[in-house]
Amino acid sequence: MSTPTNRRSFLGKLALAGGAFSANSLFAQAHAADWADATARVERLTPQQAATDEDYWHRIQQAYPASSSNILILNNGGVSPAPLIVQHALERYNALINQGPSYYMWRILDQGREAVRDKLALLAGTPADEIAINRNATEALLTVIYGLPLQRGDEVVGTLQDYPNVVQAWRQRASREGVVYKQLNFNFPIEDDDAIVRAYEKAITPRTKILHVTHVINWMGQILPVQKICRMAKQRGVEVLVDGAHSFGLLDFTIGDLGCDYFGTSLHKFLSAPVGTGMLWIRREKIAGVWPLLCNPSPNSADIRKFETLGTRSFAIEQGIGEALNFHNAIGTKRKEERIRYLKNYWAERVVNLPGVRLHTSLKAPYSCGICGVSIDGMTIAELESQLFGKYKINTSPTVWENISCVRVTPHVYTSPADLDRLVMAITQIAKSKS
């Protein structure tokens with residue numbers, strides 16, 4: 001049983017605002033020394049070379065309890081398991097909160113949001129005062145969609161392949177307010193950036209105010225040339241809202257370099273932050289013009305924090321973002337991107353020529369990273385997904401949306417080649433049974 005002195009010391013450490021970024025962070029305690037040796041072995045390698053160093057990645061895999069799960073989790077495009085240090089952070093901050101919620105939540109942990117904001121800004125490559133912390137990409141994107149002061153007849157251009165929640169939000173604005181919502185239709189995969197940019201450009205008219213662009217199509221992983229689209233849109237005087245749910249924490253980019261005006265993402269996918277964490281970025285000069293999704297006493301303020309008026313929420317979850325950032329930064333974004341792309345290609349290249357097997361994703365680096373869609377002739381998507389799980393205990397995501405029909409497979413850094421050998425065996429056996 002802990003003594004009162006030990007308990008006070010324990011709570012005192014937890015109460016340090018921004019503690020995840022101190023010398024006593026959970027990451028530093030659990031991994032810093034061990035990972036120093038692992039990182040030394042790959043620091044002189046290119047990210048592409050490091051992607052195949054299994055000794056290095058084995059260290060990282062061991063930090064995820066999910067790496068030893070009986071279920072092979074290949075739906076990280078939906079939500080990723082958290083590393084153990086992130087889970088421990090949640091437990092410790094929850095323990096602190098429950099010693100006195102009204103004090104430790106509002107007087108202590110609420111102050112720690114600024115440290116998390118600062119560290120997110122470093123990863124995003126933007127000023128901290130342009131970032132709001134919220135609960136997921138849907139909340140971030142809908143804040144902008146519902147908050148923009150559009151008028152009847154103003155046009156928005158998106159695609160049929162965008163995420164359902166944002167499609168429905170734009171359609172609601174069209175139904176209620178007379179905003180004109182136009183959707184392009186792409187037949188992915190497409191290995192031609194200019195063709196994609198031209199499609200958006202041709203849809204622009206003098207009434208067009210916003211392009212809604214999905215950075216990585218969640219259904220099957222197509223990467224859109226966001227920077228080129230934003231450059232074209234800027235020349236036409238059109239703003240761009242980017243859905244970065246499947247790109248942030250995976251692809252090596254900064255939001256500032258994209259050239260967009262608004263950006264929303266979830267942090268519980270490739271960043272491996274706690275479930276229920278997200279981020280909204282708005283260019284500083286645009287903040288005052290966007291109404292908050294929930295009420296705020298100063299709705300026309302230029303303070304990004306007006307988008308964080310959510311009422312009571314989990315402060316422990318917010319602080320867990322800090323340890324997820326520590327974990328991510330220790331790997332490095334480009335190294336993570338190349339590893340996950342390598343894992344995607346590892347399994348996809350082994351099944352692409354099997355009779356009856358079809359891939360729905362480019363295997364070329366500029367056009368995809370971690371997500372890949374697969375189908376087998378003679379099977380519905382539901383049947384394939386059911387067999388993968390029922391017989392092989394492989395968790396994937398069945399995807400049937402507009403003109404996309406496939407099983408979505410998404411590995412993460414805790415996934416090993418041996419795991420993907422299991423997937424390859426499963427697809428091979430299933431395809432053979434259908435031939």
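**Side-chain contacts and local backbone features**

Ser272 is buried, its relative accessible area of 1% falling under the 20% cut-off that defines this class. The model described here is a predicted one. Ser272 is placed in the loop between strand S7 (262–266) and strand S8. The backbone of Ser272 has a phi angle near 60 degrees, which is a positive value in a residue other than glycine. A positive phi is also found at Lys393, where the angle is near 55 degrees and the residue is again not glycine. Lys393 belongs to the loop between helix H15 (381–392) and strand S11 (394–395). Whereas Ser272 counts as buried at 1% relative accessibility, Lys393 counts as partly exposed at 37%. The side chain of Lys393 places its charged end over the ring of Phe389, 5.5 Å from the ring centre. A charge over a ring occurs at Arg350 as well, which lies over the face of Tyr346 at 3.7 Å from the ring centre.

A further backbone feature concerns a proline. The peptide bond that joins Phe188 to Pro189 is cis, and its omega angle is near 5 degrees. Pro189 lies in the loop between strand S4 (180–184) and helix H10 (193–203).

Aromatic contacts were examined next. Over the whole structure, 15 aromatic pairs are found. In one of these, Tyr64 and Tyr414 have ring centres 5.0 Å apart and ring planes at 35 degrees, and the pair is therefore classed as tilted. Tyr64 is in the loop between helix H4 (54–62) and strand S1 (72–73), while Tyr414 is in the loop between strand S13 (404–409) and helix H16 (417–434); the contact therefore ties together parts that are 350 residues apart in sequence. Both partners are buried, with a relative accessible area of 1% for Tyr64 and of 4% for Tyr414. Tyr64 and Tyr414 also belong to a cluster linked by ring pairs, in which Phe27, Trp35 and Phe327 take part as well.

The distribution of buried residues was then considered in helix H6, which spans residues 101–108. The buried residues of this helix are Tyr104, Met105 and Ile108. These residues cover an arc of only 120 degrees around the axis, so they are on the same side of H6. Ser102 and Arg107, on the other side of the helix, are exposed. In general, residues three or four places apart in an α-helix point the same way, because the helix has 3.6 residues a turn.

Nonpolar side chains also contribute to the surface. Tyr146, Leu293 and Leu294 make a nonpolar patch of about 230 Å². Within this patch, Leu293 is partly exposed, with a relative accessibility of 36%. The position of Leu293 is in the loop between strand S8 (278–282) and helix H13 (315–331).

Charged contacts complete the analysis. Side chains of opposite charge can pair when their charged atoms come close. The structure as a whole contains 26 salt bridges. One of them joins Glu54 to Arg339, with 2.9 Å between the closest N and O atoms. This salt bridge links distant parts of the chain, since Glu54 is in helix H4 and Arg339 is in helix H14 (residues 333–351), 285 residues apart. The two partners differ in accessibility: Glu54 is partly exposed at 30%, whereas Arg339 is buried at 0%.

Helix H14 also holds the salt bridge partners Glu337 and Arg341, whose side chains meet at an N to O distance of 3.0 Å. Because Glu337 and Arg341 are four residues apart in this helix, about one helical turn separates them. Glu337 and Arg341 are both buried.

Arg358 and Asp377 form a further salt bridge, in which the closest N and O atoms are 2.6 Å apart. Here too, distant parts of the chain are linked: Arg358 is in strand S9 (residues 357–359) and Asp377 is in the loop between strand S10 (372–376) and helix H15, 19 residues apart. Both residues are partly exposed, with a relative accessible area of 46% for Arg358 and of 34% for Asp377. Finally, Glu114, Arg117, Asp303, Arg305 and Glu308 are joined into one network by salt bridges that share partners.

Definitions and conventions:
Residues are numbered from 1 along each chain as its sequence is written. This is a predicted model: local features need pLDDT of at least 70, side-chain atom pairs count only at pLDDT 80 or more; totals for chains, interfaces and linings use all residues. Side-chain values use heavy atoms; hydrogens and water are left out. Patches are made of residues with over 30% relative accessible area and no salt bridge: like charges are joined within 9 Å, nonpolar side chains (Val, Leu, Ile, Met, Phe, Trp, Tyr) within 5 Å. Accessible areas come from the Shrake-Rupley method with a 1.4 Å probe; for residues, only the protein chains shown count as cover. A salt bridge is a side-chain nitrogen of Lys or Arg within 4 Å of a carboxyl oxygen of Asp or Glu. Helices (H or I, at least four residues) and strands (E, at least two) are DSSP runs, numbered from the N terminus. Buried means under 20% relative accessible area, exposed over 50%, partly exposed in between (1.4 Å probe, protein chains only). Rings of Phe, Tyr and Trp (its six-membered ring) pair if their centres lie within 6.5 Å; planes under 30 degrees apart count as stacked, over 60 as edge-to-face and the rest as tilted. A charge sits over a ring if NZ of Lys or CZ of Arg is within 6 Å of the ring centre and within 35 degrees of the ring normal. The arc is that of the directions from the helix axis to the C-beta atoms.
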